[in-house]
Amino acid sequence: MQSILAVDDSASMRQMVAFTLKAAGFNVLEAADGQEGLEKARGQNVNLVLTDQNMPRMDGLSLVRNLRGLAQYKHVPILILTTESSDAMKAQGKAAGATGWLVKPFDPNRLVDVVRKVIG
Amino acid sequence: MHTNASENAREAAQVWANACHAQLSEAECDMHRLETLITQTAQTLSASFQTIEKRWKDRKDEGEMLVDEEVGRAVTALQFHDLATQLLGHARKRIAVAEEGLKKLTVLPLTGSAAEWGVPPELVAPVGHANLETGTVELF
């Protein structure tokens with residue numbers, strides 16, 4: 001079973017992401033901010049990281065940059081799921097090494113489609 | 001005469017400033033209550049629809065597809081908690097800036113230096129949503 005790390009400081013958002021992706025057959029790990037996400041990602045290999053942008057301690061873009069600095073996450077898909085929708089923020093996400101930018105709220109079917117597409 | 005008029009104006013300004021402090025404080029309390037209500041609502045809705053989902057899936061009847069669609073809508077709708085929480089957090093920051101400004105207005109002399117006043121921070125709203133329509137997807 002492929003594992004996805006869902007990083008978001010909103011417990012309800014993590015719950016919705018986990019519910020959606022578990023129903024689609026994925027194993028879902030959860031983290032409440034970028035720092036916890038980085039620690040969990042280091043501890044085990046996940047097949048995809050789905051992260052929020054605005055979080056305490058470490059934001060999503062910093063998490064992407066940190067993960068891309070780890071050999072095991074050089075080529076792992078990282079999607080940013082956020083309320084931020086400006087072109088400037090998306091450009092920062094792309095430059096940091098994110099695979100894609102999803103604006104909240106997400107449609108469950110569409111999220112599963114995108115995850116399946118990028119996870120290969 | 002002129003001095004009395006000036007003092008009256010300052011007193012009136014002080015009354016208004018005090019009223020602003022009080023209203024902002026109350027608004028902050030209201031937002032806190034709203035956040036609590038939203039959190040409780042989201043928790044209740046979440047538990048309810050997961051129970052419904054499980055029961056319907058167990059039956060494996062023709063209504064399954066319909067239920068899937070409804071659950072999908074619920075999953076989208078339940079994300080309002082995150083959006084609302086961010087909006088409330090941002091509103092609190094705005095109120096804090098307004099409160100700081102009012103304090104300066106009531107404490108600092110109007111003849112003081114600009115350095116004492118400082119510059120109000122620029123706040124950029126992280127949430128521009130006016131409704132719960134699903135967001136865009138862009139792959140790089």
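**Notebook: a sheet shared by chains A and B**

I began with the sheet of this predicted model, and I found an open sheet of 6 strands with mixed pairing, in the order β2(A)-β1(A)-β3(A)-β4(A)-β5(A)-β1(B). I then looked up its edges, where β2 (27-31) of chain A and β1 of chain B each pair on one side only. From one strand to the next, I noted a twist that averages 20 degrees.

Next I turned to β4(A), residues 78-82, and β5(A), residues 100-103, which run parallel and are joined by 4 bridges. Between these two strands the chain passes through helix α4 of chain A (residues 87-96), and I recorded this β-α-β crossover as right-handed. For individual residues, I saw that Ile80(A) stands opposite Trp101(A) in β5(A), while Leu79(A) has Gly100(A) as its bridge partner.

I followed Gly100(A) to chain B, where its bridge partner in β1(B) is Leu139(B). Here β5(A) pairs with β1(B), residues 137-139, in the antiparallel sense over 3 bridges. I reminded myself that strands of a sheet pair through backbone hydrogen bonds, either parallel or antiparallel.

I also looked at what lies over the sheet in chain A, and noted that helix α1(A), residues 11-23, lies across β1 (3-7), β2 and β3 (48-51) of that chain, running at about 170 degrees to β2(A).

Last, I checked the confidence values. Chain B has a mean pLDDT of 73, with 71% of its residues at 70 or more; among its elements, β1(B) has the highest mean, 88, and helix α4(B), residues 114-117, the lowest, 70. For the model I wrote down ipTM 0.81 and pTM 0.72.

Conventions
Residues numbered from 1 in each chain as written. Chains lettered and ligands numbered in written order. Predicted model: local features only at pLDDT ≥ 70, side-chain atom pairs only at ≥ 80, totals over all residues. Pairing = 2+ DSSP bridges. Right-handed = clockwise from strand over helix to strand, strands pointing away. pLDDT = per-residue confidence, 0-100. Axes fitted to C-alpha atoms, helices over the stretch in contact; angles between N-to-C directions. Contact = placed C-beta atoms within 7 Å.
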